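Biologist: Could you take me on a close look at one strand and the parts around it? I would like a connected picture, with the cut-offs behind each term.

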Amino acid sequence: MAVEEVVLEGDIAKEDALKLLQQHGSADKLTLSNCRKLTTTDIQALIEAINSGLNSVTIKNCNIIDDDTLEKLAACCPKLTDVTLNGKFKKLTERGTINFAKSCQELKLFSVVLSETDESEEQEGDEEVEWGLTDNFLSGLSENTCPTLEHFGFSGFTGVTANGLLGFLGKVSPTLASLDCSEVPIITDTECREIAGICPGLTSINFSYCNITDKGVEELCLKCHLLNHIDFCGCNELTDNAVKSIATHCKKITNLKLGWCLKITETSLEALANECLSLGHKLLQQHGSSAKLTLSNCRKLTTTDIQALIEAINSGLNSVTIKNCNIIDDDTLEKLAACCPKLTDVTLNGKFKKLTERGTINFAKSCQELKLFSVVLSETDESEEQEGDEEVEWGLTDNFLSGLSENTCPTLEHFGFSGFTGVTANGLLGFLGKVSPTLASLDCSEVPIITDTECREIAGICPGLTSINFSYCNITDKGVEELCLKCNLLNHIDFCGCNELTDNAVKSIATHCKKITNLKLG
């Protein structure tokens, strides 16, 4: 059964939030994010309208949350199993956080993250107070709490000691499978060794931006050989030896993140390809025909390196995301399509200065089973830019859309076309007319031709859409009304950055889109 989620975020008003909660009285999951217009009293009133069977809640960057609010949430929702608290929470105390967790006796996932609050959250005169969690929090949490804890996240806090953390882990280790201690400075090689001894059954670990070296990774992998998900992003002292330790001892690895580990080279990727054939074959055995590859900001790999690695990719790969890799060219995409004929989900995100419109079309035409195809023109990471680089952008126009629709995409369910300015309304509408029988999701964020007129036309062509993203487009309340009148199956809508929208737009959504579960209006 699909999880039903309600998202309250940005400038949503109390009345609109209440309508959403009432419309989705059986929702399993609630997210509160950057709720700038809601007061503490508003939040507490809304909690009373929440489904008492709610099992998952995420609260992000809501400084208005205090101890009483969490106490009320726990009382109204006794079945909570997954809780994430992310932000500074200047009104929340350590004792209040402990008491809340103690009230949630069925917790399986509990994550507390100290992160920067959105600047728009800051009020003039706000005191510089941070949500401080220390050893007292960990000690209190372990007292008759978390008997079923499977994931624990404790990120960004500096007031805890190694003994405090290790003592807590010792009490929850029997059920713990996943640990996130990213950006916690006490995590060093010593703690890697100790944690591996206490929790050898871990399958997922995130020590990104911690003070570890190759030695700590080796100690960890020697005992935690069930690990399938590892995140060491930002651990700058790691070298190829760390990756070789992972390849040697963690044969079940399927997801490895090493961004900003600048001492790691392609040599370690070869070790993964040679030692961890399970990265492809075992993943397919465990998950049927599912397999996913992400290439993101690969600064030390050349085009030749990428093409060589493609040959080692599982031919059953069905999902690939390529983000900010300017080294990708037409030949590389051609090789990818030839080696992975079963691709169904493809996302290309970046500037791709070496990629042509014709090369992109040919690649898509070679992927005859495409269900999700997303092309996003976005800013490249500055570290990707090379001195002397020409200012060339990946330009997609009506020719791309026309070429794409020729005997291509017979099963397309999602199409993303974001950030491009060289396309016309006729070109986009013509393409949508050809793929509309199967299309359920459309992302045309940051495309300036999307106006009220296009909203009306798209609604007429694709009335079966369930998800739409027109963020940062030139639409008004009239366009939203036209869209919602015909696309009444919509459950996911993103109109972030559409500055001309008023309360009337939200009323149109509430009136016509009764299935809405995720609405973004930031």
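Modeller: Happy to; here is a walk through strand S6 and its surroundings.

A word on the basis first. This is a predicted model, in which local features need pLDDT of at least 70, side-chain atom pairs count only at pLDDT 80 or more, and totals for chains, interfaces and linings use all residues. Residues are numbered from 1 along each chain as its sequence is written, and side-chain values use heavy atoms, with hydrogens and water left out. The pLDDT (the predictor's confidence in each residue, from 0 to 100) has a mean of 87 over the chain, and 88% of the residues reach 70 or more. Please be careful with residues 119-126, where pLDDT stays under 50; the model has 12 contacts beyond four places in sequence for that stretch, a contact being heavy atoms within 4.5 Å. Residues 277-290 also have pLDDT below 50, with 21 contacts beyond near neighbours in sequence.

Now to S6 (residues 151-155). Helices (H or I, at least four residues) and strands (E, at least two) are DSSP runs, numbered from the N terminus. In S6, 5 of the 5 residues are buried, so the strand is largely enclosed by the rest of the structure. Buried here means under 20% relative accessible area, exposed over 50%, and partly exposed in between (1.4 Å probe, protein chains only). In a regular strand the side chains alternate between the two faces of the sheet. Both faces of S6 are covered: Phe152 and Phe154 are buried on one side, and His151, Gly153 and Ser155 on the other.

S6 has pairing partners in S5 and S7, where pairing requires that DSSP finds at least two bridges between two strands. Strand S5 (residues 109-114) runs parallel to S6 and is joined to it by 5 bridges; Phe110 has Phe152 as its bridge partner there. With S7, S6 pairs in the parallel sense over 3 bridges, and Phe152 stands opposite Leu179.

Phe110 and Phe152 also belong to the largest nonpolar core, which has 161 residues. Such a core is a set of buried Ala, Val, Leu, Ile, Met, Phe, Trp, Tyr and Cys residues joined through side-chain atoms within 4.5 Å. Together with Leu8, Phe207, Phe373, Phe415 and Phe470, these two touch the most other members. Domain 1 (1-107) and domain 2 (371-379 + 395-521) both give residues to the core, so it lies between them; the domain bounds come from an automatic or database domain assignment.

Just ahead of S6, the loop from helix H5 (135-141) holds Ser142. Ser142 is buried, with a relative accessible area of 14%. Leaving aside neighbours within four places in sequence, Ser142 is in contact with Phe168 and Lys171.

On the S7 side, we come to helix H7 (residues 189-198), where Asp189, Glu191, Cys192, Ile195 and Ala196 are buried. Seen down the axis of H7, these buried residues fall within an arc of 155°, so they line one face of the helix; the arc is that of the directions from the helix axis to the C-beta atoms. They pack against strand S7 (178-180), helix H6 (162-172) and helix H8 (214-223).
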